[in-house]
Amino acid sequence: MTAGESERGSAMVEFLGVALILLIPLVYLVVTLGRVQAGAFAAEGAAREAVRAMVTAESSSAGAVRAEAAVGIALADQGFARDRGVLSLECSASPCLTPGATVGAVVLVEVPLPLLPDAVRGWAPLSVPVEAARAGTVDRYSEVRP
């Protein structure tokens with residue numbers, strides 16, 4: 001057996017080894033960036049719909065309930081559980097639905113890093129926080145709603 005025959009096929013093995021070492025982190029990065037982008041879409045949509053639900057409601061309490069429901073729908077639309085998002089509503093006037101008042105919504109979504117077991121999540125925070133804020137104005141020609 002000559003030296004050339006003993007090396008036969010080793011280039012293919014080396015290529016597969018290097019490809020796996022480079023390909024696995026690249027695929028993980030793409031999957032992770034996809035989930036973070038989905039979190040950004042969920043946060044932005046949830047904030048927009050929460051403000052819309054609040055300013056069109058009959059009362060501030062009904063608006064808050066509708067805003068929470070809108071956040072839940074927006075998160076579910078992107079594949080996140082409702083407990084992954086936190087809604088914070090702010091009003092520039094009291095009562096909140098005073099004509100011309102500004103209503104703001106801030107939604108924070110915790111995007112967990114994919115493919116990691118729950119045991120690892122207990123050791124360190126393994127999520128990416130994504131936040132979106134929106135503001136809307138209550139119709140100036142409406143009446144004051146409690």
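Rings of Phe, Tyr and Trp (its six-membered ring) pair if their centres lie within 6.5 Å, with planes under 30 degrees apart counted as stacked, over 60 as edge-to-face and the rest as tilted. By this criterion the structure holds zero aromatic pairs. The model is a predicted one, in which local features need pLDDT of at least 70 and side-chain atom pairs count only at pLDDT 80 or more, while totals for chains, interfaces and linings use all residues. Residues are numbered from 1 along each chain as its sequence is written, and side-chain values use heavy atoms, with hydrogens and water left out.

A good place to start is the sheet. Three strands form an open sheet in the order β1-β2-β3, with antiparallel pairing; strands (E, at least two residues) and helices (H or I, at least four) are DSSP runs numbered from the N terminus, and two strands pair if DSSP finds at least two bridges between them. The edges are β1 (85-91) and β3 (127-137), each of which pairs on one side only. From one strand to the next, the twist averages 15°; axes here are lines fitted to C-alpha atoms, for helices over the stretch in contact, and angles run from 0 to 180 degrees between N-to-C directions.

Seven bridges link β1 and β2 in the antiparallel sense, and Leu89 stands opposite Ala105 in β2. Strand β2 (residues 102-112) is joined to β3 by eleven bridges, and these two strands also run antiparallel. Val103 has Gly136 in β3 as its bridge partner, while Pro112 is partnered by Ser127 of β3.

Next come the helices that meet this sheet. Helix α3 lies across β1 and β2 and runs at about 145° to β1. Helix α2 packs on the sheet and touches β1, β2 and β3, its direction making about 25° with that of β3; a contact means heavy atoms within 4.5 Å.

Several residues help to picture α2, which spans residues 10-55 and includes Gly45. Gly45 is buried, with a relative accessible area of 10%, where buried means under 20%, exposed over 50% and partly exposed in between (1.4 Å probe, protein chains only). Gly45 and Tyr141 are 96 residues apart in sequence, and their C-alpha atoms are 27 Å apart in space. Val31 also belongs to helix α2 and, at 36% relative accessibility, counts as partly exposed. Between the C-alpha atoms of Val31 and Pro114, which are 83 residues apart along the chain, the separation is 7.4 Å.

In α3 (residues 60-77), Ser60 is a useful landmark. Ser60 is buried, at a relative accessible area of 17%. Leaving aside residues up to four places away in sequence, Ser60 touches Met54, Cys96, Leu97, Arg145 and Pro146.

The interior can be described through its nonpolar core, a set of buried Ala, Val, Leu, Ile, Met, Phe, Trp, Tyr and Cys residues joined through side-chain atoms within 4.5 Å. The largest such core has 27 residues, of which Val71, Leu87 and Val107 touch the most other members. At least two residues of this core come from each of α2, α3, β2 and β3, and the largest share, nine residues, comes from α2. Apart from residues up to four places away in sequence, Leu87 touches Ala50, Ala67, Glu68, Val71, Ala105, Val106 and Val107.

One ring does have a charged partner: the charged end of Arg35 sits over the ring of Phe80, 4.4 Å from its centre. Such a placement requires NZ of Lys or CZ of Arg within 6 Å of the ring centre and within 35 degrees of the ring normal.
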